[in-house]
Amino acid sequence: PRSRVGSMSCVPKGLPHRFRALGRHCRWVGYMFKFVFRSSICLAAVAASSAASATDAAHAVAADGDSIIVTATRRAERIQDVPISISAFSQEELTEKGIVGYEGIGRETPGVVLNKPTANFNNFTARGIATNGYNANLQSSVAIYIDELPVSTIGNTTVVDPNLFDVERVEFLRGPQGTLFGSGSLSGAMRILQKSPDLNDFDVSALVDLGLTGSDSIRQRYNAMVNVPLVEDKLALRVVGFYRDEEGYLDNVGTGVKNSNTLIDYGGRATLLWRPTDRLSIKLLGSYEYSNPKDSSLTSPGLGRNKRISDEPDRFTGKQLIANATIDYEFDFAKLTSSSTYSDFEQRFYVDLAGTFPAGSFPARRSPSVSMPMVMTRCSSRKRGLRRRSTARFSSSSVASILKPPPRRRLFLSLNPEFL
């Protein structure tokens, strides 16, 4: 006789009725066991789902309580509500991660790569989009702003590395941002927003960073800030100063200088905030920074580890002076913001051109060095924006900007007879 397959009863048909009844009873017990087991799995899944939902809700509440407010779209919004890809870093996060310049932002921002052969020479690549080369007519694909001033440049010009101390936050927007940040933001834009004075509380802070850059070179970074309310709830002054002395880690066998890529960088800024009424506020800002790397950080791998060679040091120095005036006025239906900035930016780009050109390319001039300094000065920008207040999902914003390009650029090329 054949037996049943796929059920709890495997009793042959030829057995007595009592055994067949026992088989049916076992089959019903099996069905009940399957039902109870599957019901337990469903209940466990529902309980796990409820616990996960409760956990997600708790995380959402916690995130909402500690949410970062950004102004990437020219209006204050929570970062999770901004409909673009954006990364934001607060001052606490910058300090915790040891970020003091562009290299830290490039390391911590997803989809962003920083090409930085030396100090004050920066080229960001966002989402794989970048200009290929350093010709003078090429424009960077990532716009860099300090408050409302664009500081990104084109071609072989240098960009002073800003000091990221006492900043409100740093925002990096990925994707085309030409509507709000101009043609130089094809792949993204980075905004460095500095802190405004506190009208009510006196505050002092300092940050000292000591470390080793190489095996025998010392890194020194000093930062300090003082906030003084001059008239309570009306007028306040905030002053920031910084100094960096970072000994290099490369040896230039051509010049014979050990730790040749040493960096000296210092500067400061002062911000005065006046709020005569609840509707009107006027902010005046002045800042200065001088950055002087003694040599390039490019290496010559054929000479060994941390070695480079050049007849003269490659230097990318820069001085930047910024003056800004920002006026905010609160209407009943909108907020008017007017920001005017003047910048005096001097750049010097020294490059050793030995072996670049064939003999006889240039007339010989008796000069002890090979250098190519660039100077670019006096850049001003003015922006006015009217943001309409609205409690609805959609609101309007109009921004008008004027950017005056640098009026002059000087290029000097001096060659010595030995080179020719």
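Five strands form an open sheet in the order β3-β8-β9-β6-β7, with mixed pairing. The edges of this sheet are β3 (85-90) and β7 (149-150); each has a single partner strand, so one side of each is left without a neighbour in the sheet. Strands β3 and β8 run antiparallel and are joined by 6 bridges. Across this pairing, serine 90 stands opposite arginine 169 in β8. In general, strands of a sheet pair through backbone hydrogen bonds, in either a parallel or an antiparallel manner.

**Confidence of the model**

The structure described here is a predicted model. The mean pLDDT of the chain is 75, and 65% of its residues reach 70 or more. Over residues 39-65 the pLDDT stays under 50, and the model has 3 contacts beyond four places in sequence for this stretch. Residues 405-411 also have a pLDDT below 50, but that stretch has 20 contacts beyond near neighbours in sequence. Where pLDDT is low, the predicted coordinates should not be read in detail.

**Nonpolar cores**

The largest nonpolar core has 23 residues, of which Tyr102, Ile105, Phe124 and Met190 touch the most other members. Two or more residues of this core come from each of α3 (102-108), β4 (112-118), β5 (121-126), β6 (142-146), β8 (167-174) and β9 (188-194). Three of the strands in the five-stranded sheet, β8, β9 and β6, are therefore among the contributors to this core.

Methionine 190 illustrates how these parts meet. Leaving aside residues up to four places away in sequence, methionine 190 touches Tyr102, Ile105, Phe124, Val142, Ala143, Ile144, Tyr145, Val170, Glu171 and Phe172. A second, separate core consists of 10 residues, including Ala72, Ala88, Tyr145 and Leu173. Tyr145 thus belongs to this second core and is also one of the residues touched by methionine 190.

**Salt bridges**

The structure holds 21 salt bridges. Three of them are listed below with the distance between their N and O atoms.

| Basic residue | Acidic residue | N to O distance |
|---|---|---|
| Lysine 97 | Glutamate 93 | 3.0 Å |
| Arginine 279 | Aspartate 332 | 2.5 Å |
| Arginine 308 | Aspartate 314 | 3.1 Å |

The pair formed by lysine 97 and glutamate 93 lies within helix α2 (residues 91-97), where the two residues are 4 residues apart and so separated by about one helical turn. Lysine 97 is partly exposed, with a relative accessible area of 35%. Glutamate 93 is likewise partly exposed, at 22%.

The salt bridge between arginine 279 and aspartate 332 links distant parts of the chain, the two residues being 53 residues apart. Arginine 279 lies in the loop between β14 (263-274) and β15 (280-293), and aspartate 332 in the loop between β17 (315-330) and β18 (334-350). Arginine 279 is partly exposed, with a relative accessible area of 35%, whereas aspartate 332 counts as exposed at 67% relative accessibility.

Arginine 308 and aspartate 314 also meet through their side chains. Here arginine 308 counts as buried, at 4% relative accessibility, and aspartate 314 counts as buried at 12%. Elsewhere, salt bridges that share partners join Asp209, Arg219, Arg221, Arg244 and Glu246 into one network.

Technical notes. Residues numbered from 1 in each chain as written. Predicted model: local features only at pLDDT ≥ 70, side-chain atom pairs only at ≥ 80, totals over all residues. Heavy atoms only, no water. pLDDT = per-residue confidence, 0-100. Contact = heavy atoms within 4.5 Å. Salt bridge = Lys/Arg side-chain N within 4 Å of Asp/Glu carboxyl O. Buried < 20%, exposed > 50% of the residue type's maximum accessible area, 1.4 Å probe, protein only. Core = buried A, V, L, I, M, F, W, Y, C linked by side-chain atoms within 4.5 Å. Pairing = 2+ DSSP bridges.
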